[in-house]
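User: I am new to this structure and would like to understand the words used to describe it. Could we go through them one at a time?

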Amino acid sequence: MILEPYSPWLVWLLPLFSSIFVPLASKVGSKFRDIYVVGVGMFTLIFSASLISMVYSGRSVSLKVIWVPRLNIELGVLLDPLSVLFANIVSFIGLVVLVYSLSYMAHEEGLTRYYFFMLLFIGSMIGLVIANNLLQLFIFWELVGLCSYGLVSFWHKRPEAVKAGIKVFLMTKIGDVALLMGILLLYANLYSFSYEQLFNRYGEIAVPTLTVISLLMLFGSIVKSAQLPLHTWLYSAMEAPTSVSCLLHGATMVKGGVYLIARTHMVFSSIPLWLDLTAWIGAVTAFVGATLALQTSDIKGVPAYSTISQIGFMIAAFGAASSPKALGWFAGLFHMVSHAFFQGLGFLAIGSIIHQLGTRDMKRMGGLRSNMPITFILSIIVILSRSGIPPFSSFFSKGLIASSLVSTGNLSLILLIYSAAAITFAYSYRFLVLTFLGEKSSYLRRFKVHEAPLLMCISAGVLAAGCIIFGFFSVPFMRFLGVEFKFDPSLFFGFESLGFVGSLIVGGIPIYLTYQRRSIRIEELKSKYLLFMNDMLRNGYYFDWIYGRVANGFFNLSSLLRSSIEIKVLERLPYVVADNAMRLARFTLLNFDVTLTRLTHLIAEATAYHGLKIRRIHSGALPHFVLAAALGFLLLFILLILTT
Amino acid sequence: MEYIILSMTLLAIGVYGLLTKRNLLKTLMSIEIIAAAASMNFVVFSSLLGDRMGQVFFILALSVDTSITAVVVALLLVANRELKVSDIWDLSKLKE
Amino acid sequence: MVILEVNVDVLSYLDALALILLVTAFLAIHFKNAFYSIISFGAMFVSLSAFYFGLNAQFAAVFQLVVAVGTIAVFFLVSEVFTSEKDEDETVKDRILGVIIALTLSIPSFIIDLKENHLLLSPRGLSFPYAMWRLRVLDVIAQGVVALTLALGIMIILKRRSVKVMGEK
């Protein structure tokens, strides 16, 4: 193919450098800027698609140039199925979101900034997944964090958005520090950042060191992927425009952690602690995220907590895989792709609703079915796909995750995952009931609601099609990734998958009873029987409260230190020193300097006095001088004669 | 004949001139004689020891002497014009 | 002729030149008439030049002669300025007395022979510390006094100046 020599570089350099020229393009005109941005997204997709043929069936290609020879740092790309898969997902979702934003963001201010950050976001995420060394990965990792900050705080006039941006930035920074520590520890042991060296030589590192490195890098990944315990930033990031949320959830930000875990799985799967911890974090997060999604009344909160939960599924699957060739690794990546489709679609659908209604409160919605039929259908697709109803992609991926977890035999993990799956259906169903079904709320009666614009529907429809058909491509997808295990399509219809579907009914029934039938009074239930549970969920398991207390503790400590040390000691110290210096100076002046002055005056006056007396000798006449000289000479001569 | 004693005698003559004469011209002459007596040693010893370096230094000393004389003459002319002095004792008034 | 030969043996022509040198030098100082004085001075330089020539130092002789010519010319020019009217010519008796004194002065250079008493002026017997602390001790002390006086003077000047500056402030 003609693009082959260039596309590995252009696929990430093009969006990165095109982002710089967005302001220039918007000087030409908003129409030109839109065409420019979409064109860049399209070319990025073409380039990334052209990479597929290079890596089919598990080949891997590494291209590099030396960057810093003395430190063994190189700049390069690693093309293998994993990186190409992620690059394609990012560029595809990126293009869809860019097209969607043309319509969704059309009437906003500061679109130059928006498109600049979007292109930079896409470019740096592709750079992150396609880098061939950890240093390059970290640079793009930070760039992704920067872009997420810029985009979450896009509506910079809203204080919540600014606060959310700062929260996102700070919380992910905690993970970044851990990741950097891990990378530097690796470098200290291997003197190289590249994956090749890491994969070939990780056996040289002592096991305790490798364990520490793996835990640090796992921490970095789970913070980026919004897993417990630092998951709360993802809900705050909902202050961003919905298209940004779609990109952030579907492809870029949170998938960075998934990518890093999948990439380093080969190295760290030799450590049982890492595997166990990964599986447990994933499973617990899946459950916690799902329960949080059940409670929220924010329409964007549902997909936000859903993402936390679904990524928990993926990470649990990674933890269940004993090696990169095992089923769990494949299942996690498979679920990652289907999640990219259905969660992207979910955000696009919700974006249409918010675009029409201008509110995010689900309690003020209801009965949108008749007004927005296309969005309703899309939402149903999202819900079915997310819950894992058979023909949709998520059914296959979740089935694989379930079977991989069952193969580990850890009962509590299995229970957590199954209950998380049940709650997934429950919160999706609740979302549907609250938003589209039922009667129109008083808020909605006030104005007429239209269907979303055509462009938004088209871009959402593309993702919907992906949701529907992707599940049937599991076998080619597996070949593409080069995973080798005996794969039986009937695995999808085994006990695990069907039990999985069965669990959905368990989750669906209470929702049906409470929200659609209203045979159980939800408020009564909450206040009487589930008081503790409700309290916990309403406050998000008190994670933010704890972090707030910790931060407050630091603030109190610093103010205590300030009042005790800064004001009482450090600010007084200069005065004390200066005061004593003044005293010393005065003492010296009185005792030494005055004495010295007197002495000098004495000597000077004595000299002057004697000078006046001696002056008479000095006649100024030349003969006198000569006489003196002659006498001196004579004296010397006599002395000379006497001494010899 | 002792050349050292010769030059010392010449020096003594110069010193005598400085001591006794009050005329500025005589004073200058005495200084010249003293200088000649001093630089004479260079030539005498260079000639006796067969080393030409002494003559080189003699020429150096002579040129310095001569230039000093020129400067002194100029200074004395200025002093004479401004203060109307031709006597060395009068010059001691410059002290005040 | 005989006398001349004898003279050449006992007194060489260099001795004669030295004699002339001393006499003319003394007369240059002694004469009250400026004109005579300068003539005598020039004669002194000429005889000095000849003396150098006799010492086989032709270059020095020529140089001395050239410089002497310039000096004499300058002296002739400025002699008018420096001669005062009250000076009067000395008598012939005085002139003869001057010549005799000069001749008397030239005697030591002929009779003293330093070759026997070489310790007096030979530098070889002296070491530097000996010369410094035995021969020149008074000199060193005098130099020290001079240096101290100089330092004190500088100190006074500086002090006075600083007082002046502070007073201005």
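Analyst: Let us begin with helix α12 (residues 242–250) of chain A, which is mostly covered, since nine of its nine residues are buried. This is a predicted model, in which local features need pLDDT of at least 70, side-chain atom pairs count only at pLDDT 80 or more, and totals for chains, interfaces and linings use all residues. Residues are numbered from 1 along each chain as its sequence is written, while chains are lettered from A and ligands numbered from 1 in the order in which they are written.

User: What makes residues such as Cys246(A) and His249(A) in α12(A) count as buried?

Analyst: A residue is buried if 20 or more other C-beta atoms, placed from the backbone, lie within 10 Å of its own; Cys246(A) and His249(A) are among the residues of α12(A) that are buried, so each of them meets that count. The buried residues of α12(A) pack against several helices of chain A, including α5 (81–104) and α16 (327–357).

User: Why is α1(A) called roughly antiparallel to α3(A)?

Analyst: The axes of α1 (residues 7–20) and α3 (residues 30–50) of chain A come within 8 Å and cross at roughly 165°. Because angles over 145 degrees count as roughly antiparallel, α1(A) is roughly antiparallel to α3(A).

User: Which residues of α1(A) and α3(A) meet, and how do they divide by class?

Analyst: Among them, Leu10(A) and Leu14(A) in α1(A) meet residues of α3(A) that include Phe43(A) and Phe47(A). The residues of this contact divide into seven nonpolar, five polar and no charged.

Note on methods: Axes fitted to C-alpha atoms, helices over the stretch in contact; angles between N-to-C directions. Helix = DSSP H or I, 4+ residues; strand = E, 2+ residues; numbered from the N terminus. Parallel < 35°, antiparallel > 145°, perpendicular 65-115°, else oblique. Contact = placed C-beta atoms within 7 Å. Nonpolar A, V, L, I, M, F, W, Y, C, P; charged D, E, K, R; others polar. Buried ≥ 20, exposed ≤ 12 C-beta atoms within 10 Å, placed from the backbone.
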